[in-house]
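Welcome, and thanks for taking a look at this one with me. Below are a few numbered notes to help you find your way around.

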Amino acid sequence: MFPELIDTRPLRRAVDGALGWVVTNWGSAFEAAAKPLLLLLNAIEALLVATPWWLIIIVLTGIAWLATRRWPLPMTVLISLLFLGVMELWRDAMSTTALMIAATLTAIVVSIPLGVWMSRSARVRQFFTPVLDLMQTLPSFVYLIPTVMIFGPGKIPALIATIVYAAPPLVRLTDLGLRSVDPAVMEASRAFGTNPTQRLLGVQIPLALPTILAGINQTTMMALAMVVIASMIGAGGLGYQVLQGIGRLEVSRGLFAGLGIVVLAIVFDRITQAFGRQLQARVGISEVRA
Amino acid sequence: MMTMQNDVAISMKAVTKIFGPAPIQALTALQGGMSKAELQSETGHVVGLDGVSLQVARGQIHVVMGLSGSGKSTLIRHVNRLIEPTTGEIIVYGESVLAMSLEQLREYRRTRVAMVFQKFGLLPHRSVTDNVAYGLEVRGVRKAEREAEARKWIEVVGLAGYENARPRQLSGGQQQRVGLARALALDTDILLMDEAFSALDPLIRSGMQDQLVSLQKTLNKTILFITHDFDEALKIGDRVTVLKDGAVQQEGAPEEIVLNPANEHIEEFVHDVNKARAIRVRTIMESGPSEPCSIAVPADARCEDVLPLFAEHQWVGVLDASGEQVGRVTARRVIGALARHGAKSVAVSSPALEVAS
């Protein structure tokens with residue numbers, strides 16, 4: 001046994017006490033602060049549910065066509081969405097999609113500026129890199145429980161947990177993309193008398209856009225990976241069906257809802273990737289793939 | 001050659017650049033007599049430029065020639081302060097570049113100096129027109145105006161028809177024409193060209209050199225041109241500065257360098273060079289009044305231009321700017337000048353002649 005060097009009980013008690021204090025004194029303030037997130041999520045969900053199923057199928061298949069201009073991807077999207085409808089998973093799929101979209105949008109708003117900041121200062125990067133590592137490796141239940149204590153069970157902690165888990169790759173890839181812009185192009189831009197903002201908006205972001213889009217793709221995938229855990233604290237959707245399937249030992253329910261999550265992942269992954277390739281070709285980093 | 005003070009466009013005075021974590025201490029050590037090699041091995045500081053002084057006259061093409069690692073690319077980046085010197089002065093048209101505030105420096109880069117890069121530095125996501133118009137866009141010129149200007153320069157560099165192409169659809173030579181047009185569109189007096197043609201194939205490079213020389217006849221810009229190619233320096237340069245290990249080895253007109261190389265390092269370059277291209281008839285002519293010749297060339301014609309004339313003529317006259325004959329040359333004189341330098345003697349006197357004498 002490792003010898004007991006110090007008594008850790010006071011430390012544990014202090015942490016628990018601090019959390020309790022935050023919950024009693026700041027709980028409602030936190031809840032009010034997170035209200036916009038809830039409104040965003042509810043608005044997206046309401047929109048998706050109110051839209052007729054065939055319109056959603058047409059829109060997503062159309063987007064898939066625009067992203068590739070070839071038939072395989074739109075066909076995949078069409079079949080995937082029909083599967084969700086036929087298996088009576090449509091409503092749940094829409095809630096899950098809403099959670100994913102809300103988490104991704106929030107992650108974009110937070111991560112891209114953070115990535116820009118990190119790309120410009122080695123010190124900022126040094127500080128945030130371990131924080132991002134922590135966000136990705138810390139088991140999600142560890143921060144799920146305090147979040148539930150502060151916000152109460154429901155959609156807000158589910159959304160926050162999803163964002164915490166899904167945002168890091170976008171931050172990293174934004175930082176990486178901005179820093180790997182060809183130094184020769186950056187120098188030329190500098191020689192023409194641009195200021196840092198002109199270089200960021202006119203050179204760095206356009207050239208880093210394919211990498212940033214890869215980050216958004218990663219974020220959507222990781223948000224979908226969180227839906228089962230998120231459903232444990234009240235997110236509903238496909239994740240909840242999986243959870244119920246496990247709870248009632250209904251293998252079929254868990255299996256089909258699980259396949260539903262996979263299907264959603266395929267649809268969003270392929271569409272964002274296709275847009276990424278299109279963008280890459282336009283930026284001229286890689287050759288156009290015929 | 002004397003230049004009036006107000007004809008000096010760019011003047012660098014005792015500019016030293018040391019790369020490393022503590023350049024000021026390294027500078028003190030260098031001035032205290034430490035050698036560059038010692039400085040590098042003991043403190044990890046690299047001397048990029050070592051007390052470089054340079055004057056570029058207005059309206060001239062001034063070539064800085066050096067091998068890789070000689071500091072020539074570092075030097076040119078000091079003129080628009082892409083690199084800050086450790087010590088020294090950089091004066092452009094009487095104004096200290098180092099004294100400028102950040103905002104003044106940007107204004108200076110936007111309006112007074114344009115630059116062409118070895119690796120082109122084009123924006124891959126923009127069309128040729130938008131690339132050429134880039135400098136004007138940064139300057140805040142209106143869209144219609146800058147596009148008209150861009151189209152004009154695209155035409156001048158011979159890329160008409162490629163206005164909407166992306167850089168990656170163009171060959172290396174075409175991309176550098178875009179780079180050149182982008183710099184010319186700014187209409188600055190000073191043009192900085194950092195190994196602008198070095199990445200191009202020999203034939204394309206030669207064509208670009210000719211184009212630059214002919215453009216310069218009408219544009220009359222002050223061009224600081226960096227190259228590692230001595231032939232290129234001789235072909236386009238009005239003045240040439242040779243740089244080695246960050247220090248100036250020799251400065252002069254191309255033929256001065258060819259005829260009187262200052263040290264062994266420069267002699268090595270001169271040895272392989274086409275001297276008939278470097279030496280002008282003015283330098284070697286038999287000057288003074290002489291009977292008019294049936295054929296004549298201007299005084300700044302090169303030896304390679306007169307050589308073919310000797311097939312038909314014994315004497316070739318040399319004319320000054322007003323068309324007056326000021327001297328003449330013979331084939332023997334030209335050959336003498338070309339043979340005087342560099343060529344190792346392989347001749348032995350003929351034994352037959354020795355017997356006869």
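1. Contacts along chain B are a good place to begin. Counting those between residues at least 6 apart in sequence, 65% join residues at least 24 apart. Please keep in mind that this is a predicted model.

2. Here is the overall picture of chain B. Its secondary structure consists of 17 helices and 14 strands, and its C-alpha trace spans about 80 × 55 × 40 Å along the principal axes. Of the 357 residues in chain B, 41% are buried.

3. Next, have a look at one sheet in chain B. Four strands make up this open sheet, ordered 11-14-13-12, with mixed pairing. Strand 11 (286–287) and strand 12 (296–298) of chain B each have a single partner strand, so they stand at the edges and one side of each has no neighbour in the sheet.

4. How does strand 12 of chain B pair with strand 13 of chain B, and over how many bridges? The two run in the parallel sense, and three bridges link strand 12 to strand 13 (residues 315–319). Within strand 13 of chain B, L319(B) is the bridge partner of P298(B).

5. Over in chain A, try finding I160(A), which lies in helix 8 (residues 155–166). Is I160(A) buried or exposed? I160(A) counts as buried because it has 23 C-beta neighbours inside 10 Å, where 20 or more are needed.

6. Finally, some company for I160(A). Apart from neighbours within four places in sequence, I160(A) is in contact with A34(A) and T147(A). The C-alpha atoms of I160(A) and A230(A) are separated by 9.3 Å, with the two residues 70 apart along the chain.

Terms used: Residues are numbered from 1 along each chain as its sequence is written. Chains are lettered from A and ligands numbered from 1 in the order in which they are written. This is a predicted model: local features need pLDDT of at least 70, side-chain atom pairs count only at pLDDT 80 or more; totals for chains, interfaces and linings use all residues. A residue is buried if 20 or more other C-beta atoms lie within 10 Å of its own, exposed if 12 or fewer, and partly exposed in between; C-beta atoms are placed from the backbone. Two residues are in contact if their C-beta atoms, placed from the backbone, lie within 7 Å. Two strands pair if DSSP finds at least two bridges between them.
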